[in-house]
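Colleague: Could you walk me through this one slowly? I am still learning how to read such things.

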Amino acid sequence: MNNFYNKYLGVDLRQCKPIGEGAQGRVYLLPDKKRVIKIYNSPKGCKGEAKILLSVKHNPHFPRIYAYNNICMIREYVPGTCIKKYLKNHKLSRTLAINIVKLIQSFKNDGFKKLDIRSSHIFIQSDENIKVIDPRNVFKKKVSYPYKILKTLDKSGNLPEFMKILKKEYPDLYKKWMYKYKKSYKR
């Protein structure tokens, strides 16, 4: 039984609440409700995500990492609502639009080659700040604009408002993102 606890960084999973499962593994909420433990399907996934989270530990958009080994990680719990669900119940505000742009700019400032992320990994907080979970391939795969985010905004009917705000506040990004997004539909 002692090996069971060491394997999962001393965490007894029987005391934790399962809160998610995805391609990389399973996530459990720890009893303190402030941290989660993620059990990975492969050591490669764990090491890759740990490397990314450690490299962006100064970035407020990412959860803090507390400990990890080859198969699991304890990190900050990210509450909130995934952006796709959030936009079903809320109109896009100027604050959220600006925060989306700031998120993408933070990716670029942190040296990410991939300036996009799946909408299911973007969580909107009660104050409309944004947190991101499960970053992958951010230093390897090149994506020069937030295609998936724009697609989510488009499907929810919020893209026109987002582009209006982007055009006013960030005209250069507006031109670049609008051009690339329209071009992606012609394929």
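Modeller: We can go through strands, charged pairs, aromatic rings and one helix in turn. This is a predicted model, in which local features need pLDDT of at least 70 and side-chain atom pairs count only at pLDDT 80 or more, while totals for chains, interfaces and linings use all residues. Residues are numbered from 1 along each chain as its sequence is written, and side-chain values use heavy atoms, with hydrogens and water left out.

Colleague: Okay, strands. Why is β5 largely enclosed by the rest of the structure?

Modeller: Strand β5 covers residues 72–76, and four of its five residues are buried, so the strand is largely enclosed by the rest of the structure. Buried means under 20% relative accessible area, exposed means over 50%, and partly exposed is in between, using a 1.4 Å probe and protein chains only. Strands (E, at least two residues) and helices (H or I, at least four) are DSSP runs, numbered from the N terminus.

Colleague: And which strands pair with β5?

Modeller: Strand β3 (residues 35–40) pairs with β5 in the antiparallel sense over five bridges, and β4 (residues 65–68) pairs with β5, also antiparallel, over three bridges; two strands pair if DSSP finds at least two bridges between them. Arg35 stands opposite Glu76 in β5, Ile65 has Arg75 of β5 as its bridge partner, and a hairpin of three residues joins β4 to β5.

Colleague: You mentioned Arg35. What does its side chain meet in a salt bridge?

Modeller: The side chain of Arg35 meets that of Asp32 in a salt bridge, at 2.6 Å from N to O. A salt bridge here is a side-chain nitrogen of Lys or Arg within 4 Å of a carboxyl oxygen of Asp or Glu. Arg35 is partly exposed at 29% relative accessible area, and Asp32 is partly exposed at 34%.

Colleague: How many salt bridges are there in the whole structure?

Modeller: A search of the whole structure finds seven. One of them joins Lys38 and Asp134, with the closest N and O atoms 2.6 Å apart. That pair links distant parts of the chain, since Lys38 is in strand β3 and Asp134 is in the loop between β8 and α5, 96 residues apart.

Colleague: Is Lys38 buried or exposed?

Modeller: Lys38 is buried, at 2% relative accessibility, and Asp134 is also buried, with a relative accessible area of 12%. Together with Glu49, Lys38 and Asp134 are linked in a network of salt bridges.

Colleague: New topic: how many aromatic pairs does the structure hold?

Modeller: The structure holds seven aromatic pairs. Rings of Phe, Tyr and Trp (its six-membered ring) pair if their centres lie within 6.5 Å, and planes under 30 degrees apart count as stacked, over 60 as edge-to-face and the rest as tilted. The rings of Phe112 and Phe139 have centres 5.4 Å apart and planes at 85°, so this pair is edge-to-face.

Colleague: Which aromatic cluster are they in?

Modeller: Phe112 and Phe139 form one aromatic cluster with Phe62 and Phe107. Phe112 is buried at 6% relative accessible area, whereas Phe139 is partly exposed at 29%.

Colleague: Last one, which residues of α5 are buried?

Modeller: In α5, Ile149, Leu150, Thr152 and Leu153 are buried. They cover an arc of only 155° around the axis, which puts them on the same side of α5; the arc is that of the directions from the helix axis to the C-beta atoms. Just after α5, Gly157 takes a positive phi of about 85°.
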